[in-house]
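Student: I have a structure open and some terms I want to understand. Can we go through them one by one?

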Number of protein chains: 2
Amino acid sequence: MHIDAINPLLEIFSQGEEITRGQIADTNAAWLSQQAVQIGFTVTRHTAVGDKLDDLVALLQEIAQRADCCLCTGGLGPTSDDLTAEAVAKAFNLPLVLDDIAFAQIKQFYANRNRIMPETNAKQALLPQGAERLDNALGTAPGFALKYQGCWFAFMPGVPSEMKQMYLEKLLPNFPQRFTLRPGRLVTLKTIGMGESAIQQVIDAISIPSEVQLGFRAAEDVQIKLLFPCAYPEKALQTLVDAVVNGLKDCVYAIDGLGEETGDLVATIGQLMTAGRHSLAVLETVSQGLLAAKCIGSEWLVSGLYEQSLRRLKQQFGIADDVDDLVAIAKTIAQKIQQQQDVDFALVQLYAEDHHALYDKDKSIAVHSVLLAGDHCYPMVHSIAGSIQRKQKQAAVMSLDVLRRYLLNAPR
Amino acid sequence: MHIDAINPLLEIFSQGEEITRGQIADTNAAWLSQQAVQIGFTVTRHTAVGDKLDDLVALLQEIAQRADCCLCTGGLGPTSDDLTAEAVAKAFNLPLVLDDIAFAQIKQFYANRNRIMPETNAKQALLPQGAERLDNALGTAPGFALKYQGCWFAFMPGVPSEMKQMYLEKLLPNFPQRFTLRPGRLVTLKTIGMGESAIQQVIDAISIPSEVQLGFRAAEDVQIKLLFPCAYPEKALQTLVDAVVNGLKDCVYAIDGLGEETGDLVATIGQLMTAGRHSLAVLETVSQGLLAAKCIGSEWLVSGLYEQSLRRLKQQFGIADDVDDLVAIAKTIAQKIQQQQDVDFALVQLYAEDHHALYDKDKSIAVHSVLLAGDHCYPMVHSIAGSIQRKQKQAAVMSLDVLRRYLLNAPR
């Protein structure tokens, strides 16, 4: 591919027996590769090795011969199987020296938690001579970076949250100074409410030029990724994105890569809720607290309720036991919650209690979500299949999406 | 290390741009590694490369020098970027020859589906001369295996279902004839309530024989892994595990590898709750629904409540606004929940509402968990730091752990 001829070569190196032994999949490598490709690197290789010093040393020396940049994760912890700094010292013939600032930071980390720094943590402040320290905002292990021969190495913690924070804050802003990068442009359409095959059919009806790479990522939402080569005409890009969005309609909840970056579904909802100064209370059944949990840090969610039994729910909200219209029940509950909790919106999730179907991954259940906004009711029903864990996740997201669709179309 | 001297060395090699570009995490590598470790291989390295012929050739030659066995996935498909057979031919200087049986199988695959075999698929029947064909029961691409210098290579499809089927049916049964395998024994201690460094100090005080491999994995819990070599004396194994457990005391919530496998913290609690036919209702603040969400599928959790504001909580439970002893407030709420919900146990989580500290990753908050069981109250306080997401997760786990510790010590 033309793009490879000009892009610097990058390798990913992961350290840890938990990876080579297969206890965890190497999601750090996948995340870092996506990031690196986006900004214009060509990722040529991923390598994972365990906790053997000689393997680590050999690998570092190999990579230094092959790549322009190497992003490394793992092995920076306080325990005896954390060998990265030692391996770097040996591979590149650099002594380890105590970094006073790193040492102070580690002590401070413990002081902030009213704990005494265990002696073993001191070794985390030993960095190869001449390395640039990469501060760890979330944990004790600082990272570090250094150039050896033609390759610039960055060593980061293996804990995904710490690694991501370090990459985004400490590495990403400095790449343009170190490398000549001609990134393609990635546009990501984040959708909710349409399955992957239905999306594929929509896409198939649009002719995507061969130089635009198409990718999918399906998790709780489905993301459609369009990677445009460097210097692709802006107008043609916009036309293609518009065509895809038109096909997917209001299933698209956010688009990355056209300007400001967006967050997840809750972030999209949060912006609308905050702008309208709305407040919300929820009742969950299938999602069992996960909907509220997803809204962590959101001031607009004032309270949540989970109840296992529909019968007990009816009792609690003074509904006669023989009422069995789920939408009517949800509406009554929503009204009482709205009143009791003094909120603008009440979102109630119910399902026809069928434990057999709930636990059976081959059976689907119908989940009703009723949003009460002011004195208007917005009911939706979703059919959800899969394991009970998948049903939980999907129910949380689908009920939240009822709120998003209301906010999107609500009069401002 | 002693164990390595007797275990054959195995590497995992994955081919595909979708892996090097980070579009998918390499779960095949994790799965195959777990399988290989279980039967007695030492997995030394994972490598993933993309669709460049020269990279593939170089990598195959490297691995042939280093490993006794290499399990490879991907690159067997019909398209132009599927280069594995070609790379093997080039790396090991073997011509590609048409395998008649493979060719017939591919044609049959299409015939069974009333489709005509696309011409591009014929190339899937070209195997390196002398290779053993590995039939693919689920797809069109046959795998193949061959020995080059000291290393036995097996090439499998990248589609996980086809790869797994091929490994289990075609490779696993034949390993004992090809390799001398002496599987070790892995004992995993799952702990909660003690940090990684504190655990390291406990372990340091115990003399772990050098032939026992020690590993850690820290996520919401901290797992200590002890890998004993094959034929390690049972009594010595038990003595060592007991010594570690004694050091960690009731922080150990489950042990894998001594008999039946255990689950996570909720599974451990679930066994005790189900055995005692107990029921629980919870009130969450910091964990915001996540505690309830973690208990998905647990009949013993009958209801949950989340409330953002302490002031509103007091109102709701008829507590005077000037009461500010959190444990006293929690106790009163627990009693009312126990009564209203008609449950054996009520678990109440509160914190001194300090939004500044909650949102600040450098500040810690004190989370109070009060368990009311019968008419006895068990309060515990945990200091939790980190991002609001980490505080949420830790609060959920720490409050649940109060319940586990009660159940562990409760009169049966």
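Tutor: We will take a helix pair and then a sheet, in what is a predicted model.

Student: Why is helix H4(A) called oblique to helix H5(A)?

Tutor: Start with the angle. The axes of H4 (residues 53–66) and H5 (residues 84–92) of chain A cross at roughly 55°. Angles under 35 degrees count as roughly parallel, and 65 to 115 as roughly perpendicular. The value fits neither range, so H4(A) is oblique to H5(A).

Student: What else describes this pair?

Tutor: The axes come within 9 Å. The crossing of H4(A) and H5(A) is right-handed.

Student: Which residues make the contact?

Tutor: From H4(A), they are A:Leu53, A:Leu56, A:Val57, A:Leu60 and A:Gln61. H5(A) supplies A:Glu86, A:Ala87, A:Val88, A:Lys90 and A:Ala91. Sorted by kind, seven are nonpolar, one is polar and two are charged.

Student: Now the sheet. What makes S10 and S12 of chain A edge strands?

Tutor: The strand order in this open sheet is S10-S11-S9-S12 (chain A). Strand S10 (213–218) and strand S12 (252–256) each pair on one side only. That makes them the edge strands.

Student: How do you know that S10(A) and S11(A) pair?

Tutor: Count the bridges. Pairing needs at least two bridges. S10(A) and S11(A) (residues 222–228) have six, in the antiparallel sense. One bridge partner is A:Gln223 in S11(A), set against A:Arg217.

Student: How are neighbouring strands of the sheet turned against each other?

Tutor: By 20° on average, direction ignored.

Notes: Residues numbered from 1 in each chain as written. Chains lettered and ligands numbered in written order. Predicted model: local features only at pLDDT ≥ 70, side-chain atom pairs only at ≥ 80, totals over all residues. Axes fitted to C-alpha atoms, helices over the stretch in contact; angles between N-to-C directions. Helix = DSSP H or I, 4+ residues; strand = E, 2+ residues; numbered from the N terminus. Parallel < 35°, antiparallel > 145°, perpendicular 65-115°, else oblique. Left-handed = near helix turned anticlockwise from the far one by under 90°. Contact = placed C-beta atoms within 7 Å. Nonpolar A, V, L, I, M, F, W, Y, C, P; charged D, E, K, R; others polar.
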